[in-house]
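Have the sequence open beside the 3D view and let's walk through this one together. A few spots reward a slow look.

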Amino acid sequence: PYSLQASAGFLEGFAPIAQGAAEDAHHLHMAFVADGTDRVAGVCLHAERDVVIGEVYGDADPSVVRSQVERSLSLDVDGTGFPAVGERDPVIGRLQERYPGLRPVCFYSPYEAAVWTVLSQRVRLTQAARIKARMTEELGPVVDVHGDRLHAFPGPRRLLGLEWFQGLFGRKVEYLHAIALATIEGQLEASHLRSLPQDAAFKELKSIPGIGDFGAQLVLLRGAGDPDYLPAAEPRVPRAVSVAYGLNVLPSQQELELMAERWRPYRTWTVFLLRLFLQQEEEKAGAR
């Protein structure tokens with residue numbers, strides 16, 4: 001099961017991108033640079049029955065754009081076995097019912113995910129989102145999607161020439177240069193990262209200056225779209241499991257790994273729903 005409307009609803013509130021806006025309940029507009037290039041793509045997506053149709057604008061290769069959109073919406077993974085996870089684990093089954101047809105919504109590319117890991121270091125996420133939005137507006141290319149003018153985040157070659165930008169401190173510009181160069185050289189290509197054993201992918205990602213343990217996980221899972229990994233060391237995952245399963249204590253890493261065996265081969269997808277559930281529960285509690 002897949003719902004474009006569910007993806008659009010999530011993307012509207014996804015601060016690291018924050019410019020993919022639903023035109024109406026059944027339309028979604030995107031703007032990004034094509035993988036490894038500075039060529040801009042605009043996409044208008046809508047669903048007809050069980051088919052998602054995309055109209056491509058801009059000067060990027062449509063075949064590259066198609067692959068990127070599929071990966072961003074987790075449509076490049078066969079999801080027919082995902083309902084079985086909910087049958088094996090009733091808690092996850094209830095989350096699937098709560099978020100029908102929702103798959104992980106990823107960054108437009110591992111490149112953008114890597115950039116986000118640098119921008120969000122040592123600042124609040126809202127501040128990082130504002131910096132990224134300003135960089136997109138001031139430095140990024142523009143594409144017209146049937147009258148909707150959208151800015152895409154600047155491509156790696158544009159970023160490689162960046163000398164300074166308000167809000168970037170310390171070594172962040174240097175780190176952005178390293179990410180841009182790695183992208184141009186193919187080190188951040190999604191198919192390459194997903195072809196490697198996960199430990200090897202993490203090692204290669206962490207060889208890029210500015211990307212540590214957490215950043216490497218983010219790039220592989222939410223940039224390259226690896227569907228089956230348990231980020232047990234990420235502190236919010238045990239908290240999400242504790243809340244969803246009604247536990248009195250946080251599960252240990254060993255307990256998490258044992259529990260997650262029921263989620264294979266969609267552990268990333270399952271953690272995505274758990275994290276979203278935790279976020280909404282915390283927002284609800286904060287509003288009381």
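What follows is a tour of a predicted model, going from the sheet to the charged side chains and then to some backbone oddities.

Let's begin with the sheet. Three strands make up an open sheet in the order β1-β2-β3, and their pairing is antiparallel. β1 (27–33) and β3 sit at the edges with a single partner strand each, so one side of each has no neighbour in the sheet. On average, neighbouring strands here are turned by 25 degrees against each other, if you ignore direction. As background, strands of a sheet pair through backbone hydrogen bonds, and they can do that in parallel or antiparallel fashion. Zoom in on β1 and β2 and you'll find seven bridges joining them. To get your bearings there, look for Leu28, which stands opposite Leu45 in β2. Helix α1 (residues 4–12) lies across β1 and β2, and runs at about 60 degrees to β1.

Now move along to helix α4 (residues 90–98). Its buried residues are Val91, Ile92, Gly93, Leu95 and Gln96. At the start of α4, Asp89 reaches over with a side-chain oxygen, to within 3.1 Å of the backbone nitrogen of Val91.

Next come the charges. Side chains of opposite charge can pair when their charged atoms come close. The structure has 16 salt bridges. Take Lys132 and Glu112, whose closest N and O atoms are 2.9 Å apart. This pair ties together distant parts of the chain, with Lys132 in helix α6 (residues 125–139) and Glu112 in helix α5 (residues 110–119), 20 residues apart. Are these partners buried or exposed? Lys132 is buried, at a relative accessible area of 3%, and Glu112 counts as buried too, at 2%.

Then there's Glu282 with Arg236, a salt bridge with its closest N and O atoms 2.7 Å apart. It also links distant parts of the chain: Glu282 belongs to helix α14 and Arg236 to helix α12 (residues 236–245), 46 residues apart. Glu282 counts as partly exposed at 33% relative accessibility, and so does Arg236 at 30%.

Which charged residue is buried yet has no salt bridge? That's Arg222, found in helix α11 (residues 213–223). The nearest side chain of opposite charge, Glu234, is 8.9 Å away, and a salt bridge would need the atoms within 4 Å, so that pair doesn't count as one. What the Arg222 side chain does reach is the backbone oxygen of Val105, at 2.7 Å. Arg222 also touches several aromatic rings' worth of neighbours, including Phe10, Phe14, Phe107 and Phe272.

One more charged group leads us to the backbone. Asp228, Glu261, Arg264 and Arg267 are linked in a network of salt bridges. Within it, Glu261 pairs with Arg264, the closest N and O atoms being 3.1 Å apart. Arg264 has a second point of interest: a cis peptide bond joins it to Pro265, with omega at about -5 degrees. Pro265 is placed in the loop between α13 (253–260) and α14 (267–287).

Finally, look at two residues that have a positive phi without being glycine. Arg49 has a phi of about 55 degrees and is found in the loop between β2 (40–48) and β3 (51–58). Ser74 has a phi of about 60 degrees and lies in the loop between α2 (62–72) and α3 (82–88). Their surroundings contrast: Arg49 counts as exposed, at 88% relative accessibility, whereas Ser74 counts as buried, at 4%.

Methods. Residues are numbered from 1 along each chain as its sequence is written. This is a predicted model: local features need pLDDT of at least 70, side-chain atom pairs count only at pLDDT 80 or more; totals for chains, interfaces and linings use all residues. Side-chain values use heavy atoms; hydrogens and water are left out. Helices (H or I, at least four residues) and strands (E, at least two) are DSSP runs, numbered from the N terminus. Buried means under 20% relative accessible area, exposed over 50%, partly exposed in between (1.4 Å probe, protein chains only). Lys and Arg count as positive and Asp and Glu as negative; His and the chain ends are not counted. A polar contact is a pair of N or O atoms within 3.5 Å; within protein, one must be able to donate a hydrogen and the other to accept it, and residues adjacent in sequence count only if both atoms are side-chain atoms. Contact means heavy atoms within 4.5 Å. Two strands pair if DSSP finds at least two bridges between them. Axes are lines fitted to C-alpha atoms, for helices over the stretch in contact, and angles run from 0 to 180 degrees between N-to-C directions. Lists of a residue's contacts leave out its neighbours within four places in sequence.
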